[in-house]
Amino acid sequence: MSTGNLSAALSLRTFLEESKAEGDVVEIDLEVDPHLESGAISRRAYETGSPMPLINNPKGKDGPEGLFRILGAPVGVRSDRATRYARFAKSIGLPSNATGHDIIQKLLASKKAEPIPSVKVHDAPLKEHKIFGDEIDLLKLPVPKNHASDGGRYFLTYGLHSVQTPDGKWVNWAITRCMVIGKRQLTGLVDVKQDIGAIWAMWKAQGKDTPWACALGVPPAAAVASGMPLPKFVNEPDYVGAITGVPVEVIKCETNDLVVPAQSEVVLEGTISANETADEGPMGEYHGFLFPVKKSPQPVMTVNAITYRSNPIVPIAVAGRSPDETHTVWALSICAEILDLLQQADLPITKAWCPYESQAIWYVVQVDRKRLVEMKTTPETFCRQVGEIVFSSKPGRFVPRIFVVGDNIDPSDLHEVVWAEATKSQPQDSDFFFVGNYPTYDLVPYATHGFNPHEPQAKVVRLCMLPAEFKTLDRPWVEASFRASYPEELKKKVLDSWLAYGFGENPVNL
């Protein structure tokens with residue numbers, strides 16, 4: 001049995017204990033219907049910054065120790081500004097008051113650190129209960145239907161699939177949705193443009209089904225790593241070690257040679273068919289829409305075994321209007337990747353951010369203007385460099401728009417980004433378009449439901465700076481604001497005297 005005090009990044013149970021101590025978990029003991037009700041509770045929690053709902057008694061749960069409890073909004077945001085990103089921060093070993101930029105820097109540092117190989121253990125709470133073959137009936141389990149127009153009940157929305165190449169050299173952990181279609185069958189997105197699909201195609205080329213496992217309630221750092229657009233042939237288990245600074249424990253499956261996180265709550269084991277398909281979808285997605293006619297044939301996954309710990313917890317991501325895990329984990333992971341790409345190219349980019357309000361579609365990069373001026377470049381040349389690097393890359397597939405801002409703009413403050421875009425971005429002249437051989441993501445609504453959906457989709461770099469900012473550090477204007485229009489001594493006096501003036505407690509900026 002695995003022992004020791006595991007951190008919040010390496011144990012969902014520790015993560016929840018710490019979060020509950022901070023008032024960020026609400027345990028619901030009333031019976032909750034997994035048909036829509038658990039999804040509605042989770043969506044309400046996301047949209048209000050409420051604590052994570054831990055649903056202890058979903059309708060259909062298999063007894064007090066059985067399958068399974070439901071955790072909603074596992075990496076949503078808190079309403080408290082000081083700890084807004086606490087759930088993501090805890091997931092990667094940072095304190096609850098870490099900023100969004102702290103999170104991105106930690107992801108970057110982890111990527112550059114030496115991978116720490118996982119450690120195989122031979123027993124774990126995950127092995128306390130085992131079900132095999134015809135004993136399995138997914139239809140009886142409290143698998144949630146999250147939106148009224150979803151095509152089915154989705155078992156995996158926030159966990160990981162484990163697959164490996166036929167030669168065993170590349171272990172891939174990936175998050176991609178899958179829904180129940182039978183007693184032992186599921187189907188889910190297996191996109192050959194993504195790693196799980198690339199590995200499935202290797203097995204299919206040999207005429208074989210893909211050995212597969214699906215782990216739920218995994219260590220939070222493992223879920224983060226599985227949602228990142230890491231380079232091909234990077235083993236996610238080793239990257240988890242780089243995030244946490246210690247090896248992640250893994251354990252072998254019962255019916256195949258795959259490994260999964262030993263601290264998982266539930267694991268399904270089986271195969272992904274090389275030939276059999278079933279209709280998958282639709283499902284409410286990261287862009288905040290659901291297109292009821294959007295179904296596609298996807299490979300069938302057959303479950304041969306289920307192992308689980310007593311009274312297990314299955315986290316769910318109920319994707320939709322921001323912010324949920326597709327905007328916190330996925331979009332910020334993309335930010336870290338594109339920031340790394342631009343800095344590797346020696347471009348003067350200091351920060352990257354995805355405004356949650358953009359539904360993981362807008363990305364903002366901040367420029368170091370001193371270095372920019374030293375480059376003696378033009379706005380068009382610079383923006384073309386940024387776009388070519390990002391849009392041609394693996395994470396660039398998911399990035400249709402980039403906003404370039406100066407170093408007086410905080411990319412994570414949408415109020416400031418809009419100010420820069422509205423006042424400095426000149427229609428047409430500040431937009432640099434990219435059309436052609438650039439990877440695109442069909443889940444962006446306008447890519448398939450907009451104008452000319454069968455034509456190559458344009459991407460754009462929008463410059464939110466004035467041409468003078470490329471030539472001199474001496475801006476030909478002064479910002480008219482509290483922070484920029486008054487001497488430091490006067491600002492300090494105003495802040496110190498705020499209550500004496502008769503105002504309430506010191507406010508935060510809008």
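**Surface, salt bridges and cores in a predicted model**

Colleague: Does Glu380 count as buried, partly exposed or exposed?
Modeller: This is a predicted model, and in it Glu380 has a relative accessibility of 44%. Buried would require under 20% and exposed over 50%, so Glu380, at 44%, counts as partly exposed.

Colleague: With which residue does Arg384 form a salt bridge?
Modeller: Arg384 lies in helix α10, which spans residues 379-391, and its partner lies in that helix as well, 4 residues away, or about one turn of the helix. Arg384 itself counts as partly exposed, because its relative accessibility is 31%. The closest N and O atoms of the pair are 3.8 Å apart, and the partner is Glu380.

Colleague: What is the N to O distance in the salt bridge between Lys492 and Asp496?
Modeller: Lys492 and Asp496 both belong to helix α13, where they are 4 residues apart, about one turn of the helix. Lys492 counts as exposed at 53% relative accessibility, and Asp496 likewise counts as exposed at 56%. Their side chains meet with an N to O distance of 2.7 Å.

Colleague: Which residue forms a salt bridge with Asp257?
Modeller: Asp257 counts as exposed, since its relative accessibility is 59%, while its partner counts as partly exposed at 35%. The closest N and O atoms of the two are 3.9 Å apart, and the cut-off for a salt bridge is 4 Å. The partner of Asp257 is Lys252.

Colleague: How many salt bridges does the count come to?
Modeller: Beyond the pairs described so far, Glu18, Glu22, Asp24, Arg78, Arg87 and Lys90 are linked in a network of salt bridges. By the distance rule, the count comes to 35.

Colleague: Which residue of the nonpolar surface patch lies in helix α13?
Modeller: The patch is formed by Phe482, Tyr486, Leu490 and Leu495, which together have about 370 Å² of accessible area. Membership calls for over 30% relative accessible area, and the residue in question is partly exposed, with a value of 39%. Helix α13 covers residues 488-496, and the residue asked about is Leu490.

Colleague: Which helix gives the most residues to the largest nonpolar core?
Modeller: In soluble globular proteins, nonpolar side chains tend to be buried together. The largest nonpolar core here has 126 residues, and those with the most contacts inside it are Phe155, Leu186 and Ile306. The helix that gives the most to this core spans residues 325-344 and supplies 10 residues, and it is α8.

Colleague: How many residues does the second, separate core have?
Modeller: In the largest core, Phe155 has contacts beyond its neighbours within four places in sequence, among them Phe68, Leu138, Leu216, Leu268 and Val314. The second core is separate and includes Phe15, Val25, Leu71 and Ile313, with a residue count of 9.

Colleague: What percentage of the contacts with a separation of 6 or more is between residues 24 or more positions apart?
Modeller: The protein chain contains 13 helices and 21 strands, and 55% of its 510 residues count as buried. Within the contacts with a separation of 6 or more, the share from residues 24 or more positions apart is 73%.

Colleague: What radius of gyration does the protein chain have?
Modeller: The C-alpha atoms fill a box of roughly 75 × 60 × 45 Å along the principal axes, and the accessible surface comes to about 21,700 Å², of which 54% belongs to carbon and sulfur atoms. For 510 residues, a compact globule would have a radius of gyration near 24 Å, and the protein chain agrees with this, having 24 Å.

Definitions and conventions
Residues numbered from 1 in each chain as written. Predicted model: local features only at pLDDT ≥ 70, side-chain atom pairs only at ≥ 80, totals over all residues. Heavy atoms only, no water. Patch = residues over 30% accessible without salt bridge, like charges linked within 9 Å, V, L, I, M, F, W, Y side chains within 5 Å. Areas by Shrake-Rupley, 256 points an atom, 1.4 Å probe, with all protein chains shown as cover. Helix = DSSP H or I, 4+ residues; strand = E, 2+ residues; numbered from the N terminus. Buried < 20%, exposed > 50% of the residue type's maximum accessible area, 1.4 Å probe, protein only. Rg over C-alpha atoms; globule rule 2.2 N^0.38 Å. Contact = heavy atoms within 4.5 Å. Core = buried A, V, L, I, M, F, W, Y, C linked by side-chain atoms within 4.5 Å.
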